[in-house]
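Ready for some practice in reading a protein model? Work through the exercises below with the structure open beside you, and try each task before you read its solution.

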Amino acid sequence: MIKNAHIHFNDLGTPFADDFGDIYFSNDDGLAESHYVFYEQNNIETRLQTHDQPHFVIAETGFGTGLNFLNTWQHFSDHIARQQSQNQLDKGVKRLHFISFEKYPLKVNDLSKALQAWPTLQKLSEKLVNNYPINLQGCHRLEFDNGRVVLDLHFGDALASINTMSYPQTGIVDAWYLDGFAPSKNPEMWQQSLFNSMADISKAKATLATFTAAGFVRRGLIEAGFDTIKTKGFGKKRDMLIGQIPHANTAQSAPPYFNQDDSKLNNVAIIGGGIASSCILYSLAKRGINAELFCKDPQPAMGASHNVQGAVYPHLQAKDSPHSELFAHSFLYAKRVYQQLLNDGFSFDHQWCGVLQHAVKKPLADKHKNLAQKQLWPKQLMQNVTAEQGDEIAGVQTGYPGVYFEQGGWVNPPQLVNAMLGAANKLMPHNSHFNCNIVNIEKTANGWVLTSNNQQFGPFSDVIICAGEHSDTFEQTKSLPIVGVRGQVSHVQASPESRKLKTVLCHKGYFTPAYLDHHCMGATFDKNIKSRHVSDEDNHTNRAQLINFYDHSDFATTLGKVSSAKAAVRCTFIDHLPMAGQWCEQSDYTNAFANLRLGKRYQYLPLNHPQQGLHIFTGFGARALCSAPLCAEHFISCLANEPRPLSERVSQAIHPARFIVRDLIRNKIYMTKPTIWVNCS
Ligand code: SAM
């Protein structure tokens, strides 16, 4: 669990870290020092104009009060304003990406108080304070100014955090702000292993600046591969260090069979029309990337995203697994994105009324007990509640204890999808083709061409298939191991007793607070059925299931008739995780990685990527409202060669090659080619 910093404010109003015995910024003029030491000595101003990529990446050790970040953001905004006024937005950097590592985050009240020292940064400080994350270990992606400024705030030790990150061999960082308290006050951080890991994620010619000129720091940086020199320090300080790494080293986070390569992204075709597609479109639009949407239905969100009320909460396990990490961070990111849509004037019906998961059966009660014992999750994310506390929260009598997700709630998914498509369109206008059933996709010399029953579209540099249960209908993707699970949700008339319900209830299924005087009650679960047909029998099943658990509760026994229902097929995979990444052709993999059968210490051949530019983004099951926004950001970040918000282990867990790799390792795939017997040294 992440612990907050213990601080007090000294006589001059400067925040002071009690555990380190050091100040967060200079007593004289912290802002001027931050600007001189980190911004100017990394030569950021000039590089924003001359950089060869649309995004510039700064990484910092020790977020503290966020002063370095805010100062950089302020100057980046000035840069954008200048480019705009000179009509030169096509030149120079368009997106600032700031990565910061923080082991002991400030409490939000302390942060707010500390930042009052800087009136010129007030507007930006407020935005930071309003979005400041809860104490959950890992990467929190915060976006500002329509995604033009991205802050990846990693809560945890800097070295440990870098070592969890997903990054390519070319590195991701353009400039380092090597901050942290003075080396003498914080020797644990200033270690050779940190300098080496910094080098691992640096791009060629990445620079660094640090306020210290300590000899062992300089020697450590040189050993890690940075050229360093001493330069004049700020104010009364004689020296500080600056440096540059001439080449990116060969480190990369993934083994070659789990690489996430970049792609052209000149113009992208998206096949699908639900929450997954809208998240992809939104992530592309934030980067100014052209895209077109192709949906076989007459309007968006008619498949698995069609519910009237969909519950939003994280699916957490009582262990620190890739699964839990994915859902915990996805949930917090989704909440920020949805709130941003609302702040930007887009609307969708919703209630952040919390989600209460009842321990209606022994296995659930055992799981909740385990969650309580492990104490892995901050209270703001999940807390155990007694039956009395739960009933107080719910406003109805049930007698069940459970776990409560106070930031959860429900949204109307079709309205949300429309809001997201609207927001994407506002940032980057796109064409949408509804009633357009794409039956064929083909790679030509000019790019990907899509064919519907009566028309051709393209060529496109990239195609992203987000078509849920229909994602395996194309010749190229027919081997996709989709598990289709049909689910029906019934809309039941509210009663005076049921109208008292104040939160979403989860049992084996879910039951929502009244909306338009109806509750959503469901859902059924039919594996391997791909039908949207609504049945009366399933409405009976849904009511019977509710009564089975709540026959002693007035809210459940007094409900009215079922007025309507919706059925759809949730697209899942056998491991209950989504799939996001470039399409992996099985024969290409079995050829390149044949030696996986022999163990992981043998050499491989390069991949040929016969379907270069084809991607898959699906398998969110009933959890897309929670997981799709962050998975879309991660996936598009990989394709755009940007820092990635998901850790390497989560990236591998959702990688499209995972089933092929698993079967190769288990020697379950028949080989047609001879194996290459070359030993790795
Ligand atoms: N850059 C900050 C700013 O703009 O306000 C000031 C940073 S303050 C001098 C140093 C920060 O480094 C503290 O917030 C501290 O908690 C953090 N820190 C110390 N050791 C760390 C470590 N091993 N990993 C990550 N953060 C660390």
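## Exercise 1: Two helices in contact

In α4, V108, L111, S112 and L115 meet S125, L128 and V129 of α5, where contact means heavy atoms within 4.5 Å. Before going on, note that this is a predicted model, in which local features need pLDDT of at least 70, side-chain atom pairs count only at pLDDT 80 or more, and totals for chains, interfaces and linings use all residues. Residues are numbered from 1 along each chain as its sequence is written, and side-chain values use heavy atoms, with hydrogens and water left out.

**Task.** Work out how α4 and α5 are oriented to each other.

**Solution.** Step 1: find helix α4 at residues 108–115 and helix α5 at residues 122–131; helices are DSSP runs of H or I with at least four residues, strands are runs of E with at least two, and both are numbered from the N terminus.

Step 2: take the axes, which come within 10 Å and cross at roughly 175 degrees. Axes are lines fitted to C-alpha atoms, for helices over the stretch in contact, and angles run from 0 to 180 degrees between N-to-C directions.

Step 3: the two helices are therefore roughly antiparallel to each other (angles over 145 degrees count as such).

Step 4: sort the contact by class, which gives five nonpolar, two polar and no charged residues. Here Ala, Val, Leu, Ile, Met, Phe, Trp, Tyr, Cys and Pro count as nonpolar, Asp, Glu, Lys and Arg as charged, and the others, Gly among them, as polar.

## Exercise 2: An open sheet

**Task.** Find which strands stand at the edges of the sheet.

**Solution.** Step 1: write down the order, β21-β22-β23, of this open, antiparallel sheet; two strands pair if DSSP finds at least two bridges between them.

Step 2: β21 and β23 (456–460) each have a single partner strand, so they stand at the edges and one side of each is left without a neighbour in the sheet.

Step 3: look at the twist; neighbouring strands are turned by 20 degrees against each other on average, direction ignored.

## Exercise 3: Pairing within the sheet

**Task.** Trace how β21 is joined to β22.

**Solution.** Step 1: locate β21 at residues 440–444 and β22 at residues 447–451, with five bridges between them.

Step 2: follow the hairpin, which connects β21 to β22 through two residues.

Step 3: match the partners: N440 bridges to T451 in β22, and E442 bridges to V449 in β22.

Conventions
Angles under 35 degrees count as roughly parallel, over 145 as roughly antiparallel, 65 to 115 as roughly perpendicular and the rest as oblique.
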